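Here are my notes after a pass through the model, as numbered points. Have a look at the structure alongside them.

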Amino acid sequence: MPHQLKILVPGGTHIVDLVGQRDELLRRIEGEFSSDILVRGNEITITGPHDDAERAAVVFEELLTLLRQGHELTAESVDRAVKMVKTDGGPRPTEVMSDTIIVTRGRPIRPKTPGQKRYADSIRKNTLVFSIGPAGTGKTYLAVAMAVQALKDKQISRIILTRPAVEAGERLGFLPGDIAQKVDPYMKPLYDALYEMLEPGHFARLAERGTIEVAPLAYLRGRTLNDSFIILDEAQNTTPEQMKMFLTRLGMRSKAVVTGDITQIDLPEGQLSGLVVVQDILSDIRGLEFIYLEASDVVRHKIVQEIVEAYRRFEESRPKKR
């Protein structure tokens with residue numbers, strides 16, 4: 001006999017915010033479950049197999065909580081919520097999506113997947129975090145958000161952003177302009193994230209004072225970075241020697257995040273990646289954690305997840321190089 005559940009949408013919540021314009025969100029939820037879902041007024045009736053109906057009800061309860069917290073539901077956020085509820089042993093959508101890292105220009109920046117939530121929590125509790133995963137998983141974006149919030153909270157006094165300038169072989173002197181102009185092409189993703197989180201004038205003032213510093217990796221040699229939040233981006237393009245140099249720059253009261261995608265190494269043929277090697281070197285060190293993000297953590301267009309997964313299968317099918 002089918003199991004039936006009823007959910008009452010409380011006053012103050014517009015039913016259209018929950019089910020979407022022309023029931024778009026409702027249809028997405030119903031398509032993921034073997035249950036019939038009927039909406040009448042402010043009452044939702046779910047009829048179907050016991051476990052299936054129960055999970056569908058949890059989805060609606062979670063979405064209602066998110067709405068009360070000020071979230072605006074979208075097709076993407078509903079799809080992610082359904083996936084989390086259907087994953088045994090995983091976190092609930094409210095545990096993931098209610099974690100506000102920073103509010104910028106009235107818009108909260110939050111983790112959108114369980115992997116991103118683990119990543120944010122790891123940065124909070126560790127001195128050094130390695131985030132390894134494909135493009136679109138928010139590795140750089142979330143690291144910058146955490147850095148800006150740490151600066152606002154006066155946990156650190158400056159942010160340092162760095163990348164290996166592989167195309168120029170770390171030798172940028174032949175390019176015109178000052179150091180900022182020389183490295184701009186390589187630092188664009190970091191600038192993009194900062195511009196989104198800081199007012200343009202505020203960013204310029206912080207950069208002038210040295211509170212935010214953007215530099216190629218080679219320019220960190222010989223320095224000790226105290227009281228700083230340091231982000232090394234595109235770390236798959238470091239050599240083992242460069243990685244060691246970077247890791248030994250960490251000073252007192254500092255935190256570092258290293259991000260990279262080991263499937264997109266641009267180093268010359270035969271050159272080992274520092275991000276690959278460091279996984280074998282560093283283990284059982286307190287205050288250090290490796291976070292591995294996957295295709296399921298991609299928060300760009302859904303087709304990007306499918307592209308990442310297709311490339312993963314292709315690489316796994318290729319003969320391994322000796």
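1. Let's start with Arg-55, which is partly exposed at 28% relative accessibility. This is a predicted model, and in it Arg-55 forms a salt bridge with Asp-88, with the closest N and O atoms 2.2 Å apart. Asp-88 sits in the loop between helix 4 (75-86) and helix 5 (93-97), while Arg-55 belongs to helix 3, so the pair ties together parts that are 33 residues apart in sequence. Asp-88 itself is exposed, its relative accessible area being 63%.

2. Helix 3 (residues 50-68) deserves a look for another reason: the sheet. There is an open sheet of three strands, ordered 1-3-2 and paired antiparallel. Strand 1 (3-8) and strand 2 (36-40) are at the edges; each has a single partner strand, so one side of each has no neighbour in the sheet. From one strand to the next, the twist averages 15°. Helix 3 packs on this sheet and touches strand 1, strand 2 and strand 3, its direction making about 10° with that of strand 1.

3. How many bridges join strand 2 and strand 3? Five, in the antiparallel sense, with strand 3 covering residues 43-48. If you want a register check, Ile-37 has Ile-46 of strand 3 as its bridge partner.

4. The sheet also carries a side-chain link. Lys-6 and Glu-43 meet in a salt bridge, 3.8 Å from N to O. Lys-6 is in strand 1 and Glu-43 in strand 3, 37 residues apart. Lys-6 counts as exposed at 52% relative accessibility; since exposed means over 50%, I'd read that label with the cut-off in mind. Glu-43 is partly exposed, at 32%.

5. Buried or exposed: which is Arg-163? Buried, at 9% relative accessibility, and its side chain meets that of Glu-234 in a salt bridge (2.8 Å, N to O). The pair links distant parts of the chain: Arg-163 is in strand 7 (residues 158-163), and Glu-234 is in the loop between strand 9 (228-232) and helix 10 (240-247), 71 residues away. Glu-234 counts as partly exposed at 28%.

6. On the overall tally, the count comes to 14 salt bridges. Worth displaying together are Asp-99, Lys-117, Asp-121 and Arg-124, which are linked in a network of salt bridges.

7. Last, a surface item. Ile-303, Ile-307, Tyr-311 and Phe-314 make a nonpolar surface patch of about 430 Å². Ile-303 is placed in helix 12 (residues 302-317) and is partly exposed, with a relative accessible area of 46%.

Definitions and conventions
Residues are numbered from 1 along each chain as its sequence is written. This is a predicted model: local features need pLDDT of at least 70, side-chain atom pairs count only at pLDDT 80 or more; totals for chains, interfaces and linings use all residues. Side-chain values use heavy atoms; hydrogens and water are left out. Patches are made of residues with over 30% relative accessible area and no salt bridge: like charges are joined within 9 Å, nonpolar side chains (Val, Leu, Ile, Met, Phe, Trp, Tyr) within 5 Å. Accessible areas come from the Shrake-Rupley method with a 1.4 Å probe; for residues, only the protein chains shown count as cover. A salt bridge is a side-chain nitrogen of Lys or Arg within 4 Å of a carboxyl oxygen of Asp or Glu. Helices (H or I, at least four residues) and strands (E, at least two) are DSSP runs, numbered from the N terminus. Buried means under 20% relative accessible area, exposed over 50%, partly exposed in between (1.4 Å probe, protein chains only). Two strands pair if DSSP finds at least two bridges between them. Axes are lines fitted to C-alpha atoms, for helices over the stretch in contact, and angles run from 0 to 180 degrees between N-to-C directions. Contact means heavy atoms within 4.5 Å.
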